[in-house]
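Trainee: I am new to this protein, and I would like to look at it with you before I ask about its parts.

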Amino acid sequence: MKIRKIRVTNGVYWVEIADAGIRMLCGCPADVVKHLIKNGLIAQQEVNGVACETGPNTILLSDLTLQNGEFSNMAEFPVLQMLYRQGMGIPNHPNNTGAKPLLIGLASQVNSQMHYIYRGNYGLVSKEEIVQCGIADDEAEEMMRLKRCFAFGHIKATREFIDVATIGKEPVKLNSGVSIQRLSVNVFAIGYGGETVSVDLSLAPGEKYETAYALGFRKFDREYFGVIHSGEGDGWDINRPSMSSILMFQGKIYLIDAGPNLAYTLNALGVGIEEVEGIFHTHAHDDHFAGITALMRAGRRIKYFATPLIRASVSKKLAALLSLEEERFSDFFEVCDLQFDVWNDIEGLEVKPVFSPHPVETNIFLFRTLADEGYKSYAHFADIVSMSVLKGMVTDSVDAPGLSQQAFERTQANYQITVDVKKIDIGGGLIHGAAIDFHGDRSGKILLAHKAQELTPEEKEIGSNAAFGTADILVPGKSDTLRRSAFTYLQAYFSGIPLHHLRILLNHDIVDINPGTIILKEGEIPSEIHLVLNGSIEKIRTRDKVFSTLAAGAVIGEVSTMYKKAAEHTYRAATFVQALKIHTGLYLEIIKRNQLQEKIQHTIEVRSFLESTRLFGENVPSDVLTRIIEKASTRWYQAGETIGHGDLGVLNIIISGRVERSVGSETLDTLESKDFFGEELTVFNVPCLFRLKALDVTEVYQIPGGLLAEVPVVKWKLLESYLGRTARVIYSGNNEFEVFVWREDFSVLVVEMDTHHKKLVEIANSIMEILRSEGGRDALLEAVEALVDYTRYHFAAEEALMERYDYPDILAHKQRHRQLSRQVADYAANIRAGILPEESDFLRFFRDWIITHMLSEDRKYGEFLNSKGVF
């Protein structure tokens, strides 16, 4: 047997061909290196007397950016493992044979990973990008000198240390004689020497990427000010989450960093996503960043606290992963910028971010609040650098990579600030801290973290370590935060009822429910209703494949109580849960006295359906869902009816019937009950590329897009669907759907501008589909005006980028932009006047108008910006 294939975890395989020297990691979600270590596929070895690790040398990427809400491709840590822990990138290392790590996949995925790895390695890559974040010129120059020192003298383009091979219709032939063929979405055949194996990198519906470690369940009280220790390991620790903490303040929950498997970590601690008030972010390395998708799947925009410098680094990396505009970051987070080196007051919680030397932009955090005898304080020092390494970077030259003596002393003083509790990174090496630097630290308690190995005796003399889920309470809580939460949920649900009725409902026991406990079983009639105050609830009916997650604010048992019938679902605590338990008779009486029966019954019926769908089955707050239900309407289509332009300005969820989605002469898919359509224009402001026709008599719920603007979890799922379809139709490298296909030779090699150009191609395809299907003047005009609007946005961003770097041909480029803008505006004016073009005329116009411009003028500035380190 020449080919060895091993299943590593959900959606991940290992394919080894020893004769060809291929060790291929197929699929690379977050924390995949930990799975490889646990499976013995990464192990310690010695080569020519040099200690190093075994591991992969090739990565086969998923076709899909997202699967079931999570990133499918996060190659940063596997590539780091190849370069530095195996030694492929270390000068004079026996494993440095000149071969580079190899990425294989669709061109769109390979390019996305290359840009994401670039940002993961370096963060912001120029003085100009740093200055744009509000940093003074001299400070920005100092930061760049430090960055170049960490980068061993200069910032390298990703292609200098990674090789790539892109997959299209034809098999990829590697130099080793191995062939890789893409059979269908996420399914590949790997062949060598007459043998072939296949791998499927898809996740089943509802399936998640597995966590490499088990955490069990923990429970804690929401205190006034305290720290829950949610991660003490690093990106290589197979037994613990990466370094992180949870801050409690006045009953609210704040996260410090978002490492891999964040949702699993929060579940283990009994924290629902809906309880998270905000995140304080230290930097963009994957072991502090990869869990950000869990926060983007919240039912409201979570507050994002960081300095503009760190936010820019994070948003650029996220934009590279998703091939989205950086501005989309605020679609999912409420941005709350912090100032460096001052105390920022966040409703009584004071936080000071302090710049810390690291390969990417990083701030450490100091937190404090007033207490009886002055301030109580906590410091979180993630990814700091040891003083011995930093001292070696000191230079008197103002031009050489490194830092000044003054900057060294400033950093040393910042690290030695005295606080009540201080958690520090002691990961060692070239980019992490050392415990010895805190030997004389006079803080009340020092916690050592960010290390996979056991503490040494010397480290144990310096600081403590914290087990997962343990807490340091700095100011105990005295108020009843749970009852405050219960009142808020009841007030939102029973809007307008008298205060004394709310108090009657509130005057019940709050109960603790253990993980795995069934609260209400299918077929039972409840005697109490449970209002969930924290934690997560699973709602299950296996015969109909209903598996949804209910968050704080959900009401369990209401349907059975209102309709006096047995429960149709089983409700089970997924975590530690606390709930207000209300007697059903009293609950019904309050509803009756306020004449709410009809309204609540309607709400229950629609909610039950929406919660059974993929879009609304996870983390949508009860009050948000109620507002959506109040504004939603129903619409019927007859069999054979084409769904018109006017119905694509709202999100449509199919209640019953079937809808065919097609493009060109090809059917893309058939939508059935609980599927959706219309999100392109509703949520992403892009005209719909597809033609939709009801195959049966079909009923849909129609939801105005404005209601979804503040519901990130729904937008995230719509984004996953949207990216998957456009990738299949426009970016797959073939033209089976009769559209204008994006080709990689259109790229200007600047990821932000490529993202914009791809969006222009998407809009152009929508226009061609409207012309092909004779969709009418109104639909055509709206699509062309979307092209006009996006063109203006793109040209302004492009010109700002050129100005930032003093592009020498900027005046001529601006002039060309004005000509192109006039042409597309004239095109829209003709349509307004009733002059409708043929599809072939528009295709010719689009090619002449923008494609020629991309391939000529834009390529020139792309090369110029690449020379400045901007990719």
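Trainee: Do helices H22 and H25 run roughly parallel or roughly antiparallel, and what is the angle?
Mentor: In this predicted model, local features need pLDDT of at least 70, side-chain atom pairs count only at pLDDT 80 or more, and totals for chains, interfaces and linings use all residues. Residues are numbered from 1 along each chain as its sequence is written, and side-chain values use heavy atoms, without hydrogens and water. H22 and H25 are roughly antiparallel (over 145 degrees; under 35 is roughly parallel, 65 to 115 roughly perpendicular, the rest oblique). The axes of H22 (751–772) and H25 (839–867), lines fitted to C-alpha atoms over the stretch in contact with angles from 0 to 180 degrees between N-to-C directions, lie 10 Å apart, at an angle of about 175 degrees.

Trainee: Which residues of H17 meet H15?
Mentor: Helix H15 (499–506) and helix H17 (584–593), both DSSP runs (H or I, at least four residues; strands are E, at least two) numbered from the N terminus, pack at about 170 degrees with axes 10 Å apart, and they are therefore roughly antiparallel to each other. In contact (heavy atoms within 4.5 Å), His501, Ile504 and Leu505 of H15 meet these residues of H17: Leu586, Tyr587, Ile590 and Arg593.

Trainee: Is tyrosine 731 buried or exposed?
Mentor: Tyrosine 731 sits in the loop between helix H21 (712–729) and H22, where Ser108, Thr726, Trp742, Lys758, Lys759 and Glu762 touch it, leaving aside residues up to four places away in sequence. Its C-alpha is 9.7 Å from that of glutamine 109, although the two are 622 residues apart in sequence. Because its relative accessible area is 13%, and the cut-offs are under 20% for buried, over 50% for exposed and partly exposed in between (1.4 Å probe, protein chains only), tyrosine 731 is buried.

Trainee: How many residues apart in sequence are the parts tied together by glutamate 53 and arginine 85?
Mentor: The two form a salt bridge (a side-chain nitrogen of Lys or Arg within 4 Å of a carboxyl oxygen of Asp or Glu), with their closest N and O atoms 3.2 Å apart. Glutamate 53 belongs to strand E5 (50–53) and arginine 85 to helix H2 (76–85), so the parts joined are separated in sequence by 32 residues.

Trainee: Which of these two, glutamate 53 or arginine 85, counts as buried?
Mentor: Arginine 85 has 28% relative accessibility and therefore counts as partly exposed. The residue that counts as buried, at 6% relative accessibility, is glutamate 53.
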